[in-house]
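Subject: A structure for you to look at

Hello,

Here is the structure I promised to pass on. Please open it next to this message, and I will walk you through what turned up.

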Amino acid sequence: MKISILNGHLLDPASQLDKKQALHVADGEIAALGRAPAGFQPDLEIDAKDCIVCPGLIDLCTHLPEPGREHKGSMASETLAAVSGGVTSLCCQPDTLPILDNPAVAELVHQRARQVNRARVLPLAALTEGLAGKTLTDMNAMKTMGCIGVSNGNRDIANAEVLRRALEYAASCDMTVFLFCEDPDLKNNGVVHEGSLATRLGLPAIPASAEILSVSRALLLAEQTGARIHISRISCGDSVAMIKAAQTRGLPVTADVAISHLHLDDTAVDEFNALCHLAPPLRAESDRQALIAGLRDGSISAICSDHFPHDVDAKSAPFSQTEAGASTVEHLLALSLKLVTDKQLSSMQALAALSCQPAHIIGLDLGRLAPGLPADICIFNPREAVTIQAADMLSQGKNTPFEDWTINGKVNHTLVNGRPVYPA
Amino acid sequence: MTQTNIQLDKNGHLKHFLSIYGLDRDLLMRILDHARSFAGVGERAVKKVPLLRGKTIVNLFFEPSTRTRTTFELAAKRLSADVLNINISSSATKKGESLLDTLQTLEAMHCDMFVVRHAKSGAAHYIAGKVAPHISVINGGDGRHSHPTQAMLDMFTIRQHKPDFSRLKVAIVGDILHSRVARSEIHALTTLGVEELRVIGPRTLIPTGIEAMGPRVFHNLEQGLEDVDVVIMLRLQHERMRSALLPSEHEYFSLYGLTPQKLANAKPDAIVMHPGPINRGIEIDSSVADGKQSVILQQVSHGIAVRMAVMAMTMGTLADTGTATESGHED
Amino acid sequence: MHTEAMSVEGMIEDMAGQVMAVIKAHPDQSPVMVGIHTGGTWVASEIHKRLAMDVPLGELNIAFYRDDFSRIGMHPRVSPSRLPFDIEDRHVILVDDVLYTGRTIRAAMNELFDYGRPARISLAVLIDRSGRELPIQADITGKTMALNPGEHVKLTGPEPLALVVKESG
């Protein structure tokens, strides 16, 4: 299909392109920027007046409900939610049911994604079998099945020796290890950040040291083993400082932060608001500021959604009995743009954290506007406001912590592989 | 974004009694005043007033408790209400789903009030957010979060002996970390405007950031008790301890147990309180528990009057009422 | 709206006489006096002084016995009922300022019976006005008044005691 996107303003952080220009798509690829190729007859013209045309977003962390938790959502509903927000690639965590720890489950995920044929689904394989932290998975076989990295899900590996061996093995398979860092013993069944809010509400709490200790362990072992690690969903300011120091020393470590943690702190939990029950927990305001600063100075290079759609029952119980997670993928772009509006980030910085930088972390040739690359494209109006209402969400999970927030950035068109996938 | 205080109806009257946090000084004083009115009922021939006749109060206890449940039951009966006692072991209610089903079944039976005790913090708030508009919820204790009726009966007891809160130095001693009573009392004492509030305990049992709630923190009992007017001792909560928080009870008693010698640091007319049940020889010496400065038994008797007051105040407001009428009953 | 002040002093003097007569009519029953908050206790206190009764005055706050509790809720200022004597087998002189619908007296009698079983209750009111909704009557009256709908009579006090008639609205 040949498509011309006209009158739009192109923004490509990878090349620092920032100008009004046409973009032409053919056979699933970007054919040209600016003047159409000779004899180019578009089948479809998209008028991108008043809109930004940027690479489709790459979300480094989502929890897809298929297979295993179909009461929370489906591949169809969640990929629709994603593309409605300009997200064209979803890296899905291995905490499916069954766990994504063998090639059969990876194939199942691929199959479903192909059937739905909407967004790119890039599975992360489990680092250990069953995510139990004891035995290694067949990482090479998983890589062959299209897994773009390995991950420990939301469960830190308690045994340091196992972690060391897992990192060594992943390095030998040339797989990036996505690590969620939270010492399980210090976590001690906590559900909120350890601080005055947890104390007032009498909720079991997770100290910052649970993350910081685990991050420092991961950095040391990465240095020792030569593994390429990506710290997934950092929440503490002190973790950022440690990662930055390691990067300065030359360690190939990267990190991302979940969009909720860039906007909310633990006070959002207020009087037991289960919609703000997240993992990692929302931390103090000072942590939030440090995370934003980390994005600015590059120690954190990506923003992810940490999308976790839940059914109503999962959030309907006394706080510590609710399930953690927020449904955020369809608002990832607009919420990231809010940081630009609030003058915390430039638009190039924000978009880079959502496109070329995540692409670099997963080692795929995506997230850029350049001829010859797959035409994963997002067209959005940066001035059009949207008020977030759970009832209007496309995700089956209505568990948004951002109800009634008005944000700017309405996606009008999304293309994946040169094919319009939104509007459906 | 903060939620509005679900305890108050749109006219600012008490609709649910879930936590001391969010209630102002006037409201707390009104609870104490009403409790005083109800205190005399227990001394009459007919120990009842017909205030809540025809109403059904359900004691919904997800955590076992004989003493708290009994006082709520007595309070309800003295208001002439009918009482239903429902004990649900927490293992039977693993998910909020069963909790909601239970609520809906009870609502179908035309109950007017739930008194809830639950092992998880926030349970009473959760239930209050789910019940039909005409139903009031009273928190009988949720996890580590709040036990507001206990706090109020302790404030009632303090006021009996020391009427002016603004001149009081109060110390709360013990396992603050796991104590919902402590949290509610800290809110109550700071809202009522005590001169100084202290919490005293080992570092492992004082939660992070408690200063934000108002008290000064002490780890030395003698120093913490210096010059105080009221000493509130907390029970060591074994059943809530999971990890390595304390070496032995013996060591705890030697450092934080209230003996006559330690009590001598406080003012000579200081009163000693304990929400009960007492662990003699662990947090408090028998001679102090039974001594002349102890008001522990009075606390128990005040519980009924305070709970009557809270029940009457919350039931006396419906969604569509206006404000309470002025004095004068031109009938 | 118009107000009319009337002399309360004379009415109370008259009531004291009537109370004395009703006590003497039942010589085998030991009398006690109970005033209903707030106006009734002011009136009772005056009569109690004039008769120099040796049993202290009792006070009833009928807040917990009202029939409209679920509509109006808890009164913000409730001073408790106090009966510093045993009510069993006594002749209770129940005193209120204005008898109107009769509901206050119904509540007061219910409350008295929760303290014990009196031998007799005699009702003394300063003003007996029209508008009864229950079969209640006064045995001792200061003054009878017929008021129009919308008019209300109120006793102000405690010092000085005065009656005021107001039109509401």
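Let me start with one residue: A:Arg200 counts as buried, because its relative accessibility is 11%, and the cut-off for buried is under 20%. Please keep in mind throughout that this is a predicted model. You will find A:Arg200 in helix H6 of chain A, which covers residues 196–201.

What does A:Arg200 touch, once neighbours within four places in sequence are left aside? In its own chain it is in contact with A:Asp270 and A:Glu271, and in chain B with B:Tyr21, B:His145, B:Arg183, B:His187 and B:Met213. A:Glu271 lies 71 residues from A:Arg200 along the chain, yet their C-alpha atoms are separated by 9.8 Å.

**The cores**

In general, nonpolar side chains in soluble globular proteins tend to be buried together. In this model, the largest nonpolar core has 99 residues, and A:Ile229 and A:Ile231 are the ones with the most contacts inside it. Helix H11 of chain A, residues 332–341, gives the most to this core, with six residues. If you centre your view on A:Ile229, you can pick out the residues it touches beyond four places in sequence: A:Leu167, A:Val177, A:Leu179, A:Ala218, A:Leu219, A:Ala222, A:Pro252, A:Val253 and A:Thr254.

There is also a second, separate core of 90 residues. Its members include B:Ala75, B:Met213, B:Met273 and C:Phe85. You have already met B:Met213 as one of the contacts of A:Arg200.

**Two helices of chain A**

H11(A) deserves another look. It is largely enclosed by the rest of the structure, because seven of its ten residues are buried. Those seven are A:Leu332, A:Leu333, A:Ala334, A:Leu335, A:Ser336, A:Leu337 and A:Leu339. After the helix comes A:Lys343, with a positive phi near 60°.

Helix H1 of chain A, residues 75–84, is mostly covered, with nine of its ten residues buried. The buried set is A:Met75, A:Ser77, A:Glu78, A:Thr79, A:Leu80, A:Ala81, A:Ala82, A:Val83 and A:Ser84. Which elements cover them? Among them are strands E9 (87–92), E10 (120–123), E20 (406–416) and E21 (419–422), together with helix H2 (103–116), from chain A. Just after H1(A), A:Gly86 has a positive phi of about 80°.

**Chain B**

Chain B has eleven helices and nine strands. Of its 331 residues, 58% count as buried. Its accessible surface is about 13200 Å², and carbon and sulfur atoms account for 50% of that. If you take the contacts in chain B between residues at least 6 apart in sequence, 74% join residues at least 24 apart.

A good residue to select here is B:Ile232, in strand E8 (residues 230–233). Is B:Ile232 buried or exposed? It counts as buried, because its relative accessibility is 0%. Apart from neighbours within four places in sequence, B:Ile232 is in contact with B:Val170, B:Ala171, B:Ile172, B:Val173, B:Glu185, B:Leu189, B:Met273 and B:Pro275. One of these, B:Met273, is also in the second core. The C-alpha atoms of B:Ile232 and B:Ala266 are separated by 12 Å, with the two positions 34 residues apart along the chain.

**Chain C and how the chains meet**

Chain C contains four helices and seven strands, and along the sequence they follow the pattern α-β-α-β-α-β-α-β-β-β-β. A compact globule of 169 residues would have a radius of gyration near 15 Å, so the 16 Å of chain C agrees with that. The C-alpha trace of chain C spans about 50 × 40 × 30 Å along its principal axes.

Buried residues make up 54% of chain C. Its accessible surface comes to about 7900 Å², 50% of it from carbon and sulfur atoms. On the charged side, chain C carries 17 positive and 23 negative side chains, with the centres of the two sets 3 Å apart.

Which chains have the most contacts between them? Two pairs of chains touch, and chains B and C have the most contacts. No contact joins chain A and chain C, and their closest C-alpha atoms lie 27 Å apart.

I hope you enjoy exploring it!

Best wishes

Conventions. Residues are numbered from 1 along each chain as its sequence is written. Chains are lettered from A and ligands numbered from 1 in the order in which they are written. This is a predicted model: local features need pLDDT of at least 70, side-chain atom pairs count only at pLDDT 80 or more; totals for chains, interfaces and linings use all residues. Side-chain values use heavy atoms; hydrogens and water are left out. A nonpolar core is a set of buried Ala, Val, Leu, Ile, Met, Phe, Trp, Tyr and Cys residues joined through side-chain atoms within 4.5 Å. Buried means under 20% relative accessible area, exposed over 50%, partly exposed in between (1.4 Å probe, protein chains only). Contact means heavy atoms within 4.5 Å. The radius of gyration is taken over C-alpha atoms; the globule rule is 2.2 Å times the number of residues to the power 0.38. Accessible areas come from the Shrake-Rupley method with a 1.4 Å probe; for residues, only the protein chains shown count as cover. Lys and Arg count as positive and Asp and Glu as negative; His and the chain ends are not counted. The place of a charge is taken as NZ of Lys, CZ of Arg, CG of Asp or CD of Glu.
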